Structures are given as C-alpha cells and as structure tokens.
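Biologist: Please take a close look at a single part of this model, the surroundings of the ligands. Work outwards from there as far as you think useful.

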Amino acid sequence: MSKIALITGITGQDGSYLAEWLLENNYSVYGLVRRLSTPNYSRIEHLLDKVTLLEGDLTDQSSLDAAVTEAKPDEVYNLAAQSFVATSWTQPVATGEVTGLGALRVMEAVRRCCPDAKVYQASSSEMFGKVLETPQRETTPFYPRSPYGFAKVYAYWATINYRESYEMFCCNGILFNHESPRRGIEFVTRKITDAVARIACGLDKELRLGNLDAYRDWGFAGDYVKAMWLMLQQETPDDYVIATNEAHSVREFVDLAFSEVGLNYEDYVVVDPKYFRPAEVNYLLGDATKAKEALGWKPEVSFEKLVRMMTLADVERYEKIYGKPEESASIVNTGRSAQEY
Ligand code: NDP
Ligand code: GDR
C-alpha cells in the first residue's frame, strides 16, 4: 500500500520539489491550495494529473479539518506560509495568522481528524535572527528580527508542544535559505539571476538591491525537501537544522551571477535604501551535523553550482522568448544547459 501525504503550500517552491520527490517514492500526494483570483499552478503544472488538490486556507480551521479528513494522510508537510520576510513588516498580522497560527491550525486538524499522521513543520533559520552563537545548531537560542521570524518561533514551539502534549509525531526542520530556478522572484537570489538574465539579453540596464553585505547559508531546494521526508521516516520525532555549513554574502552571489554572463556587477548594481529592512539578519551559518549523523542527509549542490543553475535557467527562459543576445555573454559559451542541473 502506498503512503499518503498532504502538502500545504504545494504551489510554492518547496511544495513542488517535495511533491515530485514523494511521487517518485510512490506516495499518493494531496495538496492544499487556496482560492486566488487566478490559479497559481505554474510550479506544479507538470504534476497536475498525478496529485489531488484540495481547497483550503491556513486561516480557516474548517477547511483544514476537511482536507485532513478527506486525505487521511500518513504524513502532513506544513509548508504554507507568508514566507517573504520583507512583507512581514507591511503585513505583520496576516503573517502571524498564516505563518504562526496557521501552523497551529494544521496541528489541530491532525490532532482532531487524523492523530496518527506525522507532521513536518517548516521552521526557519530566521528564528536565529540576531545570532547568539555561530554556527547555529538545534540548541542555539532564538532571537527573531521580523514579524515573520517571531511567527515561525510560535509555530516551532507549537510543534514541540503538540509532540509533548499529545504524543503526536511532529518535527521541526530548521531550514536555512534554499533556492532554485523555482524560487519566488522577490527573494534576493532569484531577483539577482532574473535581472542578470534580463541585462544579458539587453532588456534591462540596472539591478537595484538593498544590503549587499548580508550573509546567508544558501542551499538547493531539491536537496532540502529530501531532508523533510527523512525526518518523518525516523522512529522518533525530533528537530533538525538543515544547512550547507557555508555562508556567502549577497555581494558574492551577485558577483558570481554576473560573472556567469561575462559582466561585472559593479557596472549594473545600484544600492537602494528602499530594500533595507527595519531590522536585518546579518549573518546566518548553519551546522547540520545532527541531520548528517541521524538522517544520513547532506547537501549535493554547492553554492557555485546553485548560482550557475539559477542564472542559466533565467537566461534560457529569456532567450526562448527574445532570442540569444548578439554580444556573446560567456554563459552562452559554457555549453551547459540549465536542464543539466
Ligand atoms: P513559497 O513562498 O514559495 O510558498 C509558500 C506556499 O504557501 C505557497 O504555496 C502559497 O500559496 C502557500 N500559502 C500562503 N498563504 C497561504 C494560506 N493562507 N493558506 C494556504 N496556503 C498558503 O515558500 P517556500 O516554498 O520557499 O517555503 C516553504 C516553507 O518553508 C514556508 O513555510 C517558508 O516560510 C519555509 N522556509 C523556507 C525557506 C526557504 O529558504 N525557501 C527556509 C526556511 C523555511 P500560493 O501559491 O497560493 O501563494
Ligand atoms: P530571507 O531571504 O529574508 O533570508 O528569507 P531574502 O532572499 O528575501 O533576503 C536575503 C538577504 O538579502 C538581503 N537583500 C535583499 N533581499 C531581497 N529580497 N531583495 C533585495 O533587493 C535585497 N537586497 C539585499 C536581505 O536584506 C537579506 O539579508 C528567506 C525566506 O525564504 C524565508 O521564508 C526563510 O525562512 C528564510 O529565507 C530562511
């Protein structure tokens, strides 16, 4: 009998990779989708005949109860969230509702309607915020720096409390930043690779960014969803940091991405205070030793490969629409295709 998984946030970056991974492993996959004025299935277009979509919203308990009752899942992956940190200052209450209370509602739905289901909660390195220890590990104290960060701390503790109060199998994956060609366009990595491609194709002349000296531990989303799954395959529930153990600055990312197309970032990047955050997370570096030892998990894609993968994918996308640029940027000469990554 194949296992059943319910993914909230299936239309997001991680949801799409996780659905692929679970389907490859013979799961029946259900995905929760919310009502939008126009459906947003671009990341799961290729999976639509293989997954069952259920309508629901993390702000609506009855819809979550109904989804869990219908799917009868063995595993629930709560990936849905208002996940953009910058927006959490302009929509702090909505962020708290979805990212914080939404996780509690998912666990309540499981407790009431399908208590034996295992639950994965998408916790975040943003909880470490103004870091109190480097590198950050499972025991590092939290100091969130945004409404998103403190909403995730609430959800983190709700996950642990449901494990301890009801003996539910609930796990926190404390994931550091992970990216891919499917990353939302407003996140800095994708904003950069999209702009590099536009500039290389002659469609744009500059890229406006905020703090170039923020450091992040960036990995590949396709690697990270496997860690989520591994957590739910263990005998006992626990919490794990998932990271590459390498920190790079936004400046390094931007430099490498422009180099991929043979350009110098200093000729195009403009620092715009509009993108500075009211409280910044300056430096994140994760220690995933526990995950390596207990889950046998390690990242496969390096920082350099990730930047290349994302840049190539965006260049190819624009080239398909507008044709190759006259000036041969080096990316066109690598002979590699984004499909290879
Ligand atoms: P995305 O922003 O790409 O996806 C978020 C998903 O949540 C989308 O499917 C979105 O649906 C859905 N969603 C938003 N609001 C609601 C709601 N009210 N009800 C139901 N669904 C909703 O995020 P990622 O895939 O990058 O991240 C997945 C999870 O992991 C998130 O919880 C994020 O906070 C967390 N995380 C991410 C990290 C990263 O680096 N990517 C690192 C650590 C944690 P729609 O398509 O309709 O907008
Ligand atoms: P983050 O990702 O806040 O770490 O949250 P983001 O890519 O938005 O920012 C990373 C760093 O880059 C700096 N930065 C800019 N960021 C954006 N978006 N746009 C800019 O123009 C820009 N210029 C500089 C930011 O200040 C920041 O320091 C992501 C999300 O996926 C969360 O949901 C997740 O929990 C964490 O990663 C781990």
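Modeller: What follows starts at ligand 1 and moves outwards from there.

This is a predicted model, in which local features need pLDDT of at least 70 and side-chain atom pairs count only at pLDDT 80 or more, while totals for chains, interfaces and linings use all residues. Residues are numbered from 1 along each chain as its sequence is written, and chains are lettered from A and ligands numbered from 1 in the order in which they are written.

The shell of a ligand holds the residues whose C-beta atom, placed from the backbone, lies within 6 Å of it. Around ligand 1 there are 26 residues, and Gly9, Gly12, Ala80, Ala81 and Ala122 come nearest. Two elements, α1 (13-24) and β5 (118-124), give two or more residues to this shell; helices (H or I, at least four residues) and strands (E, at least two) are DSSP runs, numbered from the N terminus. By type, the shell of ligand 1 has nine nonpolar, 14 polar and three charged residues. Here Ala, Val, Leu, Ile, Met, Phe, Trp, Tyr, Cys and Pro count as nonpolar, Asp, Glu, Lys and Arg as charged, and the others, Gly among them, as polar.

The element that gives the most to the shell around ligand 1 is α1, with three residues. Its twelve residues reach 17 Å from the first C-alpha to the last, close to the 16 Å expected at 1.5 Å a residue; the expected span is 1.5 Å times one less than the number of residues. Gln13, Asp14, Gly15, Ser16, Tyr17, Leu18, Ala19 and Leu22 are the buried residues of α1. A residue is buried if 20 or more other C-beta atoms lie within 10 Å of its own, exposed if 12 or fewer, and partly exposed in between, with C-beta atoms placed from the backbone. What covers the buried residues of α1 includes β1 (4-8), β2 (28-33), β3 (51-55), β4 (75-78) and α7 (221-231). Contact means C-beta atoms, placed from the backbone, within 7 Å.

Asparagine 26 lies in the loop between α1 and β2. Its phi is near 65°, a positive value in a residue other than glycine. Most residues other than glycine have a negative phi, and most peptide bonds are trans. Asparagine 26 is exposed because 9 other C-beta atoms lie within 10 Å. Beyond β5, in the loop between β5 and α5, is proline 135. The peptide bond from threonine 134 to proline 135 is cis, with omega near -5°.

Ligand 2 has 23 residues around it, with Val85, Ser124, Val188, Gly210 and Ala214 nearest. Helix α6 (residues 188-200) gives the most to this shell, with three residues. The shell of ligand 2 is made up of ten nonpolar, seven polar and six charged residues. At least three residues come from each of domain 1 (4-178 + 218-242) and domain 2 (184-216 + 246-283 + 301-340), whose bounds come from an automatic or database domain assignment.

Taken over C-alpha atoms, the centres of domain 1 and domain 2 are 28 Å apart. Across the boundary, 14 residues of domain 1 are in contact with 14 residues of domain 2. The side of domain 1 that touches domain 2 has six nonpolar, five polar and three charged residues.

Isoleucine 185 sits in the loop between β7 (178-179) and α6. It is exposed because 10 other C-beta atoms lie within 10 Å. Not counting residues up to four places away in sequence, isoleucine 185 touches Arg190, Lys191 and Asp194. Asparagine 245, in the loop between β11 (239-242) and β12 (248-249), has a positive phi of about 70° although it is not a glycine. With 17 C-beta neighbours inside 10 Å, asparagine 245 counts as partly exposed.

Finally, helix α10 (residues 303-322) has 20 residues and reaches 29 Å between its first and last C-alpha, close to the 28 Å expected. Its buried residues are Phe303, Leu306, Val307, Arg308, Met309, Met310, Thr311, Leu312, Ala313, Asp314, Val315 and Tyr318. Glycine 323, with a positive phi near 85°, follows α10.

Notes. Contact = placed C-beta atoms within 7 Å.
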